[in-house]
Amino acid sequence: MSFKPANNIQDLQYFGEFGGVNPSISDSSTYTFLSAKTMFDTFEGNADGCYLYSRHSSPSNLYLGEALAAMEGTETANVTASGMGAITPVILQLCGAGDHVVSSRTIYGGTYAFLKNFTPKLNISTSFVDITKLDVVEAAITENTKVLYCESVSNPLLEVADIKGLAAIAKKHNLKLVVDNTFSPLSISPVKLGADIVIHSLTKFINGSSDTVGGVVCGTQEFIDALRNVNDGACMLLGSTMDSLRAASVLKNLRTLHIRMQQHSHNATYLAQKFEADGLKTVYPGLESHPSHELFKSMMNEKYGFGGMLTIDVGSLDKANALMELMQEKNLGYLAVSLGFYKTLFSAPGSSTSSEIPEDEQKEMGLSDGLIRFSIGLDADIERTYNMMRECMESLNILDKKSEASLV
Ligand SMILES: Cc1ncc(COP(=O)(O)O)c(C=O)c1O
């Protein structure tokens, strides 16, 4: 049976403390106990339904976590103060000194920097591989490997991970497959394809308002309990806890995610097809020219399309910068990092979100200077947007002016 993540969100039912249609917000950092014994049991992890201290859990954070677990089809989830606040404790919970990670080499720059520069200080090493080549992935596994890490659709190159294939490798070698699904919420459900743990930066499409950072780890009850354990849980001890007020606001935005993803995908498909027809080097998983188009199709849930992210290569950083500045001037979007906003956001990843990756490695993985990453907005009239973008490209000689004949 096909998985329907948006139905799972729709079917959640809440009765607030006073019968409100939204759950009441728990605006407390600490909680009372009627008996000292219950407090002791809660510390021991044996008192379900009792709250201790909001760094551990709070009602509002649990509501959001449960909604995201329903979306990903996992037993439960733990929300965090940012996407990095989800990624770093997961790695540190699963790996200790001497352990090894096999990671996709095309991942968010912050995750790359953490694995490349930070975890070696704890004697955790990482091999970065081309995640689209399963034989290369398997060859990188050593007896110390504990984690296989990837993004379902990678930032910024939009490479697509074969999650079923990777899950089979992970199972064979007794590794945990951790998938960052930030670029493809609803479209791809990694746990349904065999992943063990799914992470999101909620900052992006899921919240969709560019008004907060946030993150989530979705997984088994056992793993989430381990992350929250008061004695050795990485979420509990590293302390990147989401604030309850924020959890309540992200939960409200989550309810429109399915409509937003449909519009992001619709608009991105329209622009990608136009840009490609114009002769621009365009990467979008929804294009047949994308090397993993068929793979994405084989993994995707119905209705939500191929997502809102696309890249074009305009040849040089100077041209990319000029185009982005002009598009911002013409109010086509913002020259800004991040994604999932109602307006289009664009940035040149080589000099921004992926600048942590050394230049020679950027070249090797195909991250060129002229690459512009677009997070396509919710524009009501995408044809108008395209025409204005095209005018910008023509005025900067990125595209030739259309002849009179071809304009009719
Ligand atoms: C794919 C991906 N994962 C994780 C992150 C980190 O999330 P946050 O900025 O919420 O910490 C980002 C941020 O850009 C991202 O693009």
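Which strands does helix α5 (residues 109-118) lie across, and at about what angle does helix α5 run to β3? In this predicted model, helix α5 lies across β2 (100-104), β3 and β4 (145-151), and its direction is at about 130° to that of β3. A comparable description applies to helix α3 (residues 59-72), which lies across β1, β6 (197-201) and β7 and runs at about 125° to β1.

The strands named here belong to an open sheet of seven strands, in which the order is β1-β7-β6-β5-β4-β2-β3 and the pairing is mixed. The edges of the sheet are formed by β1 (76-80) and β3 (125-129), each of which pairs on one side only, and from one strand to the next the twist averages 20°. Strands of a sheet pair through backbone hydrogen bonds, in either a parallel or an antiparallel sense. The antiparallel sense is found between the edge strand β1 and strand β7 (residues 215-219), which are paired over five bridges; within this pair, threonine 76 stands opposite glycine 219 of β7.

Parallel pairing is found on both sides of β4, where four bridges join β4 to β2 and five bridges join β4 to strand β5 (residues 176-180). In the pairing with β2, threonine 145 of β4 is the bridge partner of histidine 100, whereas in the pairing with β5 the bridge partner of leucine 148 is leucine 177. The connection from β4 to β5 involves helix α7 (residues 163-172), and β4, helix α7 and β5 together make a right-handed β-α-β unit. With a residue counted as buried when its relative accessible area is under 20%, six of the seven residues of β4 are buried, and β4 is therefore largely enclosed by the rest of the structure.

The ligand has 14 residues around it, of which Met84, Asp180, Ser201, Thr203 and Lys204 come nearest. Of these, Asp180 lies within the residue range of β5 (176-180), and Ser201 within that of β6 (197-201). Polar contacts to oxygen atoms of the ligand involve both backbone and side-chain atoms of the protein. A polar side-chain atom of threonine 203 is placed 2.6 Å from a ligand oxygen atom, while for asparagine 155 the corresponding distance, again from a polar side-chain atom to an oxygen atom of the ligand, is 2.9 Å. Glycine 83 contributes through its backbone, with an N or O atom lying 2.8 Å from an oxygen atom of the ligand.

Terms used. Residues numbered from 1 in each chain as written. Predicted model: local features only at pLDDT ≥ 70, side-chain atom pairs only at ≥ 80, totals over all residues. Heavy atoms only, no water. Pairing = 2+ DSSP bridges. Helix = DSSP H or I, 4+ residues; strand = E, 2+ residues; numbered from the N terminus. Axes fitted to C-alpha atoms, helices over the stretch in contact; angles between N-to-C directions. Contact = heavy atoms within 4.5 Å. Buried < 20%, exposed > 50% of the residue type's maximum accessible area, 1.4 Å probe, protein only. Right-handed = clockwise from strand over helix to strand, strands pointing away. Near = heavy atom within 4 Å. Polar contact = N/O pair within 3.5 Å; in protein donor to acceptor, adjacent residues only side chain to side chain.
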